[in-house]
Amino acid sequence: MVRVDLITREYPPEVYGGAGVHVAELVKALRLDIDVVVRAFGMPRDEPDVYSYLVPPSLVGANPSIATLGVDLEIAQDVGGADIVHSHTWYANGAGHIAQLLHGIPHVVTAHSLEPLRPWKAEQLGGGYRVSSWIEENAFATADAIIAVSDGMRRDILRSYPFLDEKRVSVVHNGIDLERWAPVKNDEYLRELGIDPARPSVVFVGRITRQKGLPYLLRAAAKLAPEVQLVLCAGAPDTPEIFAEVRDGVTELQKERSGVVWIDRQLSQVELSTVLTSATTFVCPSIYEPLGIVNLEAMACGVPVVGTATGGIPEVVDEGVTGRLVPIDQAQDGTGTPLNPQQFVDDLARILTEVVSDPRAAKKMGKAGRARAERDFGWDRISKRTQEIYRSLLQ
């Protein structure tokens, strides 16, 4: 049987973003048909065929990019015996590339984001951002196959790395576990969180990072009707600076209106499903989003999505059917910054107001979103397409 060694920074229980969710679900689906060995950053796990790697002691405290390379070298050494190595995000790309060279096996890369389109990472990594960019570019240049999680991401890959043969870049959308992600109603739990089940609400879920567009959402929320609640499930800030900006924005908003709820701890899947189910609408104000698994999670809970018309979001949100798209004109310098920030804020506020003002239409869009998630984004489909790519490299 084919053995694939899948390399990832995130793997349960250490999951903090969409890439980790993707990897965990993909592994479960792939293991129904092939052998999958997971090699993940972090503390030891007790799951069979899952191996964990910590930063080498001599690199503890080093720039994060250098510490990552230390982990990558140890993983690459251990990949021997695999038929294919499959890496997710730049953190793992170095290990995949070196394993490809060392063991002479095909390397598959799944792109969840792109370093050239996240220049604000320099705030977090300093000179390490140049190192992470170098790792990613070299891995993409030599990969036998590159998987983009959306058509928008595929376009971004070819724009960022124009030297690539486009035939090597395939689209396999993110998926959603439709049994785990489903509507959960629990008004008592909502009240414990400070959410009033009787009031309309706009819910945001995501990390505190530049790409998620939280500062724009906070400005737009100030324009919503007084009875509308804003529920922010937001944590894991990239930098102290972006955390401070969001904290100050939330504080100012709470002075102006009631019903601004900030949940900064990581909720369990059931807890998050409960919060999502309670929403009149979910909002994804990202200025960079390859696809956005969280949008699929909201749809699976029967909630309409208001999302920025950027990246892969328009491939998930069917305008007027499963949600609404917010127009945006963006800088092409890699930042994704709105060319007219006030216009973006105004459009976001206007569309959110239209959705929360018509709860009957919102429920109809939410129902259509659940149906679309069931039809197009089940993990069985994603696993099948991924295995087709594996087989094409072993022929």
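Leaving aside its neighbours within four places in sequence, which residues is Glu289 in contact with? In this predicted model, the contacts of Glu289 beyond those neighbours are Gln211, Lys212, Cys284, Thr310, Gly311, Gly312 and Ile313. Glu289 sits in the loop between β11 and α11. Its relative accessibility is 6%, so Glu289 counts as buried. The side chain of Glu289 also makes a polar contact of 2.7 Å with the side chain of Ser286.

The helix that follows this loop, α11, spans residues 293-300. Eight of its eight residues are buried, so α11 is largely enclosed by the rest of the structure. The buried residues are Ile293, Val294, Asn295, Leu296, Glu297, Ala298, Met299 and Ala300. Both Asn295 and Glu297 are on that list. Just after α11, Gly302 adopts a positive phi of about 80°.

The largest nonpolar core holds 35 residues. Those touching the most other members are Val203, Val205, Val231, Cys233, Val275, Leu276 and Phe282. Several helices and strands each supply at least two residues of this core. The helices are α7 (187-193), α10 (269-278), α11 and α12 (313-316). The strands are β8 (201-207), β9 (229-235), β10 (260-263) and β11 (281-284). Helix α11 gives the most, with five residues.

Phe282 illustrates the packing. Not counting residues up to four places away in sequence, Phe282 touches Val203, Phe204, Val205, Leu276, Val294, Asn295, Ala298, Val303, Pro304, Val305 and Val306. A second, separate core has 34 residues, including Val228, Val306, Phe344 and Ile351. Val306 thus appears both among the contacts of Phe282 and in the second core.

The second largest pocket encloses about 420 Å³ of space. Its lining comprises 23 residues, of which Thr277, Ser278, Ala279, Thr280 and Lys363 are the closest to the centre. Helices α7, α10 and α14 (359-376) each supply at least two lining residues. Helix α14 gives the most, with five. By type, the lining divides into eleven nonpolar, seven polar and five charged residues. Helices α7 and α10 also supply residues to the largest nonpolar core.

Towards the start of the chain, several backbone features stand out. A cis peptide bond joins Pro12 and Pro13, with omega of about 5°. Pro13 lies in the loop between β1 (3-8) and α1 (18-30). Two residues other than glycine take a positive phi: Asp49, near 60°, and Thr89, about 75°. Asp49 belongs to the loop between β2 (35-41) and β3. At 42% relative accessibility, Asp49 counts as partly exposed. Thr89 occupies the loop between β4 (84-88) and α3 (90-103). At 18%, Thr89 counts as buried, because the cut-off is under 20%.

Tyr51 lies in strand β3 (residues 50-53). Its relative accessibility of 41% makes Tyr51 partly exposed. Beyond its neighbours within four places in sequence, Tyr51 contacts Val37, Val38, Arg39 and Ala40. Tyr51 and Leu6 are 45 residues apart in sequence, while their C-alpha atoms are 10 Å apart in space.

Definitions and conventions: Residues numbered from 1 in each chain as written. Predicted model: local features only at pLDDT ≥ 70, side-chain atom pairs only at ≥ 80, totals over all residues. Heavy atoms only, no water. Helix = DSSP H or I, 4+ residues; strand = E, 2+ residues; numbered from the N terminus. Buried < 20%, exposed > 50% of the residue type's maximum accessible area, 1.4 Å probe, protein only. Contact = heavy atoms within 4.5 Å. Core = buried A, V, L, I, M, F, W, Y, C linked by side-chain atoms within 4.5 Å. 1 Å grid on protein atoms, 1.4 Å probe; cavity = no way out; pocket = protein on both sides within 12 Å on 5 of 7 lines; lining within 4 Å. Points joined across faces, edges and corners; volume = space filled by probe spheres on them. Nonpolar A, V, L, I, M, F, W, Y, C, P; charged D, E, K, R; others polar. Polar contact = N/O pair within 3.5 Å; in protein donor to acceptor, adjacent residues only side chain to side chain.
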